Every structure is written in structure tokens, then in C-alpha cells.
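Got your viewer open? Let's take a walk through this model, one selection at a time.

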Amino acid sequence: MARPVSTPELVIDLDAVADAYRGIAAALPGIAVHYATKCNPHPDVLRRLHALGSRFEIASAAELELLETLGVAPGEVLYSNPVKPVAHIARAFATGVWRFAFDSHDEIAKLAQVAPGAAVVVRLAAPRTRSDVPSEGKFGVDPEQAVELVLAARARGLRPYGVAFHVGSQMLAPDAWSRPLRAVGWLMERLAEHGVRLSMVDLGGGFPARYAASPLPLAEYAAVIEAGLAGLPYGVEAVIEPGRAVVAEAGTLVASVIGTALRGGARWAHLDVGAFNGLMESLETGNRLRFPVRDSRDSAQRDRFHLTGPTCDSQDTILFDVELSADLSVGDHVYLGSTGAYTTVYASHFNGFAPPTVRCVSGQAAPGRGALVGAPPGQ
Ligand SMILES: *Cc1c(COP(=O)(O)O)cnc(C)c1O
């Protein structure tokens with residue numbers, strides 16, 4: 001049996017968060033970083049990022065209120081959700097948020113009513129490219145419609161301020177930013193013909209984290225983005241809104257084996273965490289998000305397991321064909337790496353299984369963290 005710890009527990013290494021933030025900021029000099037709060041809104045994570053100089057991106061008034069309790073100035077927060085409840089807009093505007101995303105006439109009407117004169121950022125659709133977590137397709141308009149919307153916003157007294165897009169989460173192809181940036185350039189030229197000059201281009205999130213395999217270096221992303229920005233008709237402030245790339249690798253989920261079984265020749269390991277109480281992205285990605293996995297037994301003799309959750313619903317399976325200790329038993333711990341992003345925030349109590357408790361650590365190694373770096377064999 002492993003050391004006594006109440007599982008499931010998500011351990012977040014705040015130093016790893018800081019390292020990731022600094023790496024992104026250094027790779028993209030001159031570009032303001034607005035961390036996407038939704039990805040992991042643990043107060044300790046937000047506090048550390050704030051101390052490092054990160055700015056923030058929000059999707060709701062509740063996220064803003066959380067940031068305010070930590071001393072974040074609302075004027076530096078981007079409200080990038082294109083469709084917002086009117087009460088949230090009013091609350092944010094009254095507090096000092098002044099930049100709001102939109103991609104519809106309904107949103108223009110709401111903003112003009114409760115945030116008169118606000119700066120608005122039109123959301124462009126990004127073409128579907130290879131992304132491991134299909135998150136896009138809901139928001140954004142084509143460039144022609146964006147021109148029309150920006151002019152309509154101006155006519156309602158709003159201030160045309162910027163253009164935004166999001167290429168899709170865990171984007172493994174750096175060139176995913178080049179086509180949207182060409183569309184941004186086209187939009188800027190058309191708007192200039194109408195006397196509109198934009199101040200900001202928001203390159204969104206989508207920067208990848210390392211799961212079982214390493215993504216391309218951030219420098220390759222930076223090269224594409226720098227070339228795209230250089231091709232714009234005039235200079236604008238550029239910002240990014242990374243979420244996953246900042247926090248994913250900092251998280252290690254410690255789970256317990258609650259049972260193993262042999263079914264139809266396949267070995268199953270059931271954990272006290274699954275898709276519904278913490279690993280929703282397993283379900284979202286069709287089990288393609290390969291969290292690096294180890295176990296506390298660490299035996300030389302290996303075997304393949306299907307790793308699944310505690311509920312009676314077969315949808316809570318985490319990974320198929322994972323290599324673990326052949327003698328894996330009830331009570332052993334399984335460590336799932338790169339679980340700092342989109343885990344606890346998505347969790348429900350389905351079937352009565354509680355989400356992981358969260359423990360932030362700093363100045364020490366998180367359990368299994370060193371061992372989870374890189375791809376374990378068989379992943
Ligand atoms: C979720 C989200 C992000 C963060 O995306 P990642 O893929 O986690 O980097 C950034 N911007 C907006 C508008 C978002 O909705």
C-alpha cells in the first residue's frame with residue numbers, strides 16, 4: 001500500500017505554473033499575457049500568476065469577482081466571452097472592465113444598453129485545424145460579417161477596439177495562427193476604408209501542454225505569430241489568452257485503485273476518479289488525451305490496463321491500453337500527470353463520487369512529478 005493520503009487529490013505545483021507562465025511570456029516578448037481564468041481558477045494559482053504580472057481573461061462576472069478579491073485591477077481584465085448575460089456585463093462595466101468581445105447584433109444591443117461607449121472586440125471564426133481538444137466551432141464570424149458587425153457597433157456608440165480568435169485548445173500545429181492572422185489583416189484594411197482603426201489583436205489560447213507526447217517548442221508558435229503580426233497593415237497591441245499551457249503540466253492527480261478485473265481478456269483498473277469527477281476531457285476527446293500515467297507499485301513486470309473511473313457509467317473511462325505494474329492491486333496509487341487544466345473545474349458529483357480535493361505546493365516536488373516528465377514507456 002502507498003503512503004496514506006485521501007484520494008482523489010489534485011496536487012498543483014505552483015512553481016511549475018510560474019515556470020510555464022515565464023516560458024510563454026519569454027517566447028512571445030511584447031505580447032501581453034491574459035491567463036484564461038476558467039482553465040484553473042484556484043485562488044493560489046491566480047495569486048501566483050498575478051504576482052508574476054499576468055493579466056486575466058474572464059467569461060463571467062463570478063470570475064471577475066474572484067479576481068477582484070485577489071487584487072486584480074478590472075481595467076486589465078478582458079471579458080472575452082462573446083455572449084454574456086446582461087447582468088454580468090453591467091456588473092463588469094460598473095467595476096471597471098472596459099473591453100468586451102462580441103460576435104452578434106444581440107450582443108451589440110446589450111453592450112450599448114448597459115456598457116455605453118465600451119470598447120468592443122469582434123470574434124472571428126478560426127478555421128478548423130488539427131487540435132486535440134475540439135473546442136471551437138461555436139463562436140466567431142467570417143471577416144465580411146465582422147466588418148458589418150463592427151460598423152453596427154460603432155453606430156450604436158460602442159468603440160471598435162479589437163479583433164479576437166481562438167484556434168482551438170491543445171493546438172499542435174503552430175501554423176494554425178497564420179490564416180486567422182491574414183483574416184485579421186483583411187478586416188483591418190476593410191475597416192480602415194470606413195475610418196475605423198483597431199488597437200488590439202487577441203490571438204486567443206490554444207497553446208499546447210505536454211501530455212504523454214511533447215508538443216513542438218513554443219518558439220515555433222512565436223515565429224508564426226510574429227510573421228503574422230508583421231504582415232498586418234498597421235501596428236496593433238497583441239495579446240494572448242493561454243489557459244492549458246500555463247497550468248496543465250503543473251497538476252498531478254493522485255488516484256487510488258478501487259478494483260481490478262479481467263474482462264474478455266482485457267485487464268481493467270478502476271480508479272476513484274474518472275471522466276465525471278475530474279477527467280471530463282477524457283470523454284470530450286474520445287480518450288485521445290494521453291495523460292502520462294505511473295503507479296506507486298512501480299514494478300518491473302508491466303501489463304496493459306484500461307484505466308476507468310468509479311461510476312456505473314462506461315463513459316467515465318480515462319485511457320485504454322496504459323502500461324502499469326502487472327501486480328497493480330486495490331489501494332495502490334495511480335498518478336496522472338498534466339492534470340492541472342480543465343479537471344476539477346469540470347467535475348460533478350455524479351453517482352456520489354466527489355471531485356478531487358486540491359492541494360497547492362511550492363518549493364517542493366509534487367508526488368510523482370519528476371517521474372511523470374516525458375513519456376512513460378508504452379504511452
Ligand atoms: C478557453 C479560452 C481560452 C483558453 O484556451 P486554452 O486552449 O486553454 O489555452 C482563451 N480564450 C478564450 C476566449 C477562451 O474561451
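How much space lies in the second largest pocket? About 320 Å³. Keep in mind as you click around that this is a predicted model.

**Stop 1: the second largest pocket**

To find the spot, select Pro208, Ala209, Arg210, Ala245 and Glu249, which lie nearest the centre of this pocket among its 21 lining residues. Now colour three helices: H1 (14-27), H8 (218-230) and H9 (244-247) are the elements that give two or more residues to the lining of the second largest pocket. Which of them gives the most to that lining? Helix H1 does, with four residues. Try colouring the lining of the second largest pocket by class, too: you should find 16 nonpolar residues, one polar residue and four charged ones.

**Stop 2: around the ligand**

Next, select the ligand and show its surroundings. There are 14 residues around the ligand, and the ones that come nearest are Lys38, Ser169, Gly206, Glu241 and Tyr342. Zoom in on Ser169 and turn on distances: an N or O atom in the side chain of Ser169 is 2.4 Å from an oxygen atom of the ligand. Then move to His166, where an N or O atom of the side chain sits 2.9 Å from a ligand oxygen. For the third distance, show the backbone as well, since you'll need Gly243: one of the polar backbone atoms of Gly243 is 3.0 Å from an oxygen atom of the ligand.

**Stop 3: the second largest cavity**

Hang on to Glu241 for a moment, because you'll meet it again here. How many cavities of 30 Å³ or more are there? The count comes to two. Let's visit the second largest cavity, which holds about 50 Å³ of space. To outline it, select Leu78, Tyr79, Ser80, Arg99, Phe100, Ala101, Val121, Ala164, Met200, Asp202 and Glu241, the residues that line the second largest cavity. Strands S4 (77-79), S5 (99-102) and S10 (200-202) are the elements that give two or more residues to this lining. Highlight S5 in its own colour, as the largest share of the lining of the second largest cavity, three residues, comes from that strand. Sorted by class, the lining of this cavity has seven nonpolar residues, one polar residue and three charged residues.

**Stop 4: strand S1 and the segment before it**

Head towards the start of the chain and select Thr7 and Pro8. A cis peptide bond joins Thr7 and Pro8, with an omega of about -5°. Pro8 itself is in the segment before S1.

Step on to Glu9, which is in strand S1. Is Glu9 buried or exposed? Glu9 counts as buried because its relative accessibility is 9%, and the cut-off for buried is under 20%. Now add Val254 to your selection: Glu9 and Val254 are 245 residues apart along the chain, yet their C-alpha atoms are separated by 5.2 Å.

Stay in S1 (residues 9-13) and pick Asp13, which also lies in this strand. Asp13 has a relative accessibility of 5%, so Asp13 counts as buried. Show the side chain of Asp13 and you can follow it to the backbone nitrogen of Asp15, which it reaches at 3.0 Å.

**Stop 5: two positive phi angles**

Jump along the chain to Asp298, in the loop between strand S14 (293-295) and S15. Check the backbone angles here: Asp298 is not a glycine, but its phi is positive, at about 55°. With 43% relative accessibility, Asp298 counts as partly exposed.

Now select Asp321, which is in strand S16. Asp321 is another residue other than glycine with a positive phi, near 55°. At 36% relative accessibility, Asp321 counts as partly exposed.

**Last stop: a residue from the UniProt record**

Finish at Cys312. What does the UniProt record list this residue for? In an unreviewed entry, UniProt lists Cys312 for "active site". To see where Cys312 is, colour strands S15 (302-308) and S16 (319-325) and look at the loop between them. Is Cys312 buried or exposed? Cys312 counts as exposed because its relative accessibility is 81%, and the cut-off for exposed is over 50%.

Notes. Residues are numbered from 1 along each chain as its sequence is written. This is a predicted model: local features need pLDDT of at least 70, side-chain atom pairs count only at pLDDT 80 or more; totals for chains, interfaces and linings use all residues. Side-chain values use heavy atoms; hydrogens and water are left out. On a 1 Å grid over the protein atoms alone, a cavity is a set of points where a 1.4 Å probe fits but cannot get out, and a pocket is an open set with protein on both sides within 12 Å along at least five of seven lines; lining residues have an atom within 4 Å of a point. Grid points are joined across faces, edges and corners, and a volume is the space filled by probe spheres set on the points. Ala, Val, Leu, Ile, Met, Phe, Trp, Tyr, Cys and Pro count as nonpolar, Asp, Glu, Lys and Arg as charged, and the others, Gly among them, as polar. UniProt positions are given in the numbering used here, feature names are shortened, and annotations may be inferred rather than shown by experiment. Buried means under 20% relative accessible area, exposed over 50%, partly exposed in between (1.4 Å probe, protein chains only). A residue is near a molecule or strand if one of its heavy atoms lies within 4 Å of it. A polar contact is a pair of N or O atoms within 3.5 Å; within protein, one must be able to donate a hydrogen and the other to accept it, and residues adjacent in sequence count only if both atoms are side-chain atoms.
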